[in-house]
Amino acid sequence: MVIQLVNTAVLNSLNPKARQSLLVALFTLLLLRGRVADIPKTVLSKLKKVAIRHEVSQEELAQALQQVYVNQPDGSKTLLVPYKGYISKVNISPTPESVIAENSKQFPLVSASYKPNLDKTFLRQLLAILRITFPSWKSKEALILVSHSCFLVLRTVLSVAVARLDGRIVRDLVSADGLGFAKGIGLWFLLAIPSTYTNSMIRHLQAKLSLRMRTRLTRYTDDLYLSPSPDLRYYRVALEGGLADVDQYITSDIAAFCDALSGIYGNVLKPSLDLVLFTSQLSRTLGVRGTAMLFMSYFITAKILRAVTPAFGRLAAVEARLEGEYRAGMGRVGRESEEVAFYGGGLRERSILLRAYLRLIKHVNSIYKIRIAYEWTEDFLIKYLWSAAGYCLISIPVFWTRVRNIGVQTSAPQPHEKTVDEVANRTEAYISSRRLLLSLADAGGRLMYVYKDLLELAGLTTRLYTLLSTLHNLPRPTLPSNADQAKVALHDVDVGIPTAAAAFVAAAASEFSASDETPVSLSEVEEVVANKAASSVLVKGLSFDLQAGEHLMITGSNGVGKTAIARILAGLWAAQGGGTVSRPHGKKGVFVVPQRAYMVTGTLLDQIIYPDSYPDFARSGRTHEELMGILTAVNLAYLPSREGGWSTRKEWRDVLSGGEKQRMGMARVFYHRPKFAILDECTSAVSSDVEGRMYEHAKSLGITLITISLRPALMRYHTQLLTIAGDGTGRWTLKRIGTAEERMDLDREIVTLENKLAEVEKWEQRVKELEKQLSVQEN
């Protein structure tokens, strides 16, 4: 199909209205032609894909569910998503460390006293986040934004054309021009095609832009938050950064921010363009005086609404925080449901959740009450005051014209003359101007609404910026420079609870310095951090060298810092007091099994190989028979048959008992076979005979054990004993089990027990005397 373009001379000979109608018809024809011509091509391409793609078997689907993803040579991962009998592949590329390091410069910490508002700080925060959502002008997000902008401009142009066509149809109706009226109706239906398509595409592109931005932000935040060792930001963000309820930030706040930002873009660009084009069109009818009064109404309305607009940004930030607290409370009950049920604490938890919910609802209700007065003023100004002003502006050319034409023609027109119908012309001008004024009022109203939306966006931007700046500014832990693959050693290490980093303390201190008008220096902040660190020391000057093949048992009363030593050895906490730590890196070097066993979401096989994934298991060449041997070593050989096989997916946290979960933790040790294994009370729910067999098996695999326990029976499996004093002084003693010193301690303990046994007869005699006295009193 070939379209012959109209000659330029022919276009110039037409009047402006006929030329406009011809251009609209041409645009509609091109749009329809493009869509119709693409239909066969699209259908053929889809048919080819369906013909080529074969339906996979149930075994292949199960394999895809088990495998989850495929590692690519460039470091990316291809997710395998089963869908309607097929497997869709989605490529995911991790964020490079160089990009994270470059973006960290754009996220300095903001003062804790900052309140969200439309200022330079908000603009800087928004631009920093936009660097993540729009990494380059060649990205898909930028392409969607440009397409969205084009359709917004097109809708404004079509709105002007609709207003003019509306006036023309009414003019032909008033002047009884049947042919002109029929042409107008035809053009109206032609114009409806691109108008409805444009409106649909604007909504579609806005939703797609929001989804793309959310995907980009979520992937970046996940890569930053779930960072591997040594960063471990997911572990340190609450302890050192002081940021709680991170799940609320990553899920709800990112989604709300993207929806608000994509909506505001359309609500700013389209109304702004409408104001410019509609005002320019109206100026031809209203004249200089009418245009000046129009701009005066803009200015007065903006001043009034700005004066009465509440701090919606702060209100939105508080609402998001209260929403996060309520959500965290619900999650806590779900996680700890069994413990709550044992204690019978349902009523107590309900009161806690009800209190959090009432705080949220009270705040939301206060926002609604604030909005009543604001929306009343806003509706009055935009809907009624602007409508009345519109009628007044339309009347200016009619009432203020020096020479008025009453629209009466006393004689019949000549054949070459056109009928003079001033009433029809005024009606056309009135209808066109009125539609433009209504559209102008709608555009102005949306711009006024945008101010409120911008304040809410400022609150969401501040919350999202707080998350990203906190994650970016967490101090990077340093790996031991003198890592030794054959030993674990501590030299003059103070074991203490980590405190907030100096940068976060300075940000919090700026709030008080701002209120007291006394600046806080960096040296004062560092002094505060040092004092807090000194006051939180649990063990002072700890030193020991543990060679491969030697086994250490750490004991002491509760709360003295035994687990804190394990956290330092694992690299979770930094050594204090200027001491040094030497340990092998990676899960093949030091592997920690905590007392509270963690069950990952996945299959039974995933529980054993954690933190490895199924692709890692397949690549290693390990077999199911080997896994069965590991389960036999921990007395769990019955699990595959009981639970339905290796590929069974369940909520293992609820399926397995406490002892089974602890034995599963030991199975992970036997699977990974690290050089050193730190066992933190990880067999407290296991019987003594099974516990002894697991310890013997671990030693037979060449694993050096570092056990934290209060069970004296476990001493036989170790060569050194580290005892932490529980007197608050941070003292400790390290002895070799089986030495003369230990034998002397045992001899002293034997003498003490023998002395107590020698007094047994005496105490038995005393018991008989008391029983005799009681029997006499009863008689």
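The legends below accompany close-up views of a predicted model.

**View 1. The whole protein, given as context for the close-ups.** The secondary structure of this predicted protein comprises 25 helices and 14 strands. Of its 779 residues, 39% count as buried, and the protein exposes about 43,500 Å², of which carbon and sulfur atoms supply 60%. Among contacts between residues at least 6 apart in sequence, 76% join residues that are at least 24 apart.

**View 2. An open sheet of 3 strands with antiparallel pairing.** The strands are arranged in the order 1-2-3, and strand 1 (69–71) and strand 3 (86–92) stand at the edges; because each of these has a single partner strand, one side of each is left without a neighbour in the sheet. From one strand to the next the twist averages 25 degrees. Helix 3 (residues 58–67) packs on this sheet and touches strand 1, strand 2 and strand 3, with its direction making about 135 degrees with that of strand 2. Strand 1 and strand 2 (residues 77–83) run antiparallel and are joined by 3 bridges, and within this pairing Val70 stands opposite Thr78 in strand 2.

**View 3. Strand 6 (residues 552–556) and its surroundings.** Because 5 of the 5 residues of strand 6 are buried, this strand is largely enclosed by the rest of the structure. The cover extends to both faces, with Leu552, Ile554 and Gly556 buried on one side and Met553 and Thr555 buried on the other. Strand 6 runs parallel to strand 12 (residues 704–708), to which it is joined by 3 bridges, and here Ile554 stands opposite Ile708 of strand 12. Strand 6 also pairs in the parallel sense with strand 13 (residues 720–724), over 5 bridges, and the bridge partner of Gly556 in strand 13 is Ile724.

**View 4. Strand 11 (residues 676–680), a mostly covered strand, with strand 8 and strand 12 as parallel partners.** In strand 11, 5 of 5 residues are buried: Phe676, Ile678 and Asp680 point one way from the strand, whereas Ala677 and Leu679 point the other way, and all are buried. Strand 8 (residues 590–593) runs parallel to strand 11 and is joined to it by 4 bridges, with Phe676 of strand 11 as the bridge partner of Val590. Strand 11 and strand 12 are likewise parallel, joined by 5 bridges, and Phe676 has Thr704 as its bridge partner in strand 12. Between these two strands the chain passes from strand 11 through helix 23 (residues 688–700) to strand 12, forming a β-α-β crossover that is right-handed.

**View 5. Gln662 in helix 22 (residues 658–672).** Gln662 counts as buried because its relative accessibility is 7%, which falls under the 20% cut-off that defines a buried residue. When neighbours within four places in sequence are left aside, Gln662 is in contact with Gln595, Ala597, Glu681, Cys682, Thr683, Ser684, Ala685 and Val686. One of these, Gln595, lies 67 residues from Gln662 in sequence, yet their C-alpha atoms are 7.4 Å apart in space.

Technical notes: Residues are numbered from 1 along each chain as its sequence is written. This is a predicted model: local features need pLDDT of at least 70, side-chain atom pairs count only at pLDDT 80 or more; totals for chains, interfaces and linings use all residues. Side-chain values use heavy atoms; hydrogens and water are left out. Two strands pair if DSSP finds at least two bridges between them. Axes are lines fitted to C-alpha atoms, for helices over the stretch in contact, and angles run from 0 to 180 degrees between N-to-C directions. Contact means heavy atoms within 4.5 Å. Buried means under 20% relative accessible area, exposed over 50%, partly exposed in between (1.4 Å probe, protein chains only). Accessible areas come from the Shrake-Rupley method with a 1.4 Å probe; for residues, only the protein chains shown count as cover. A crossover is right-handed if, with the strands pointing away from the viewer, the path from the first strand over the helix to the second runs clockwise.
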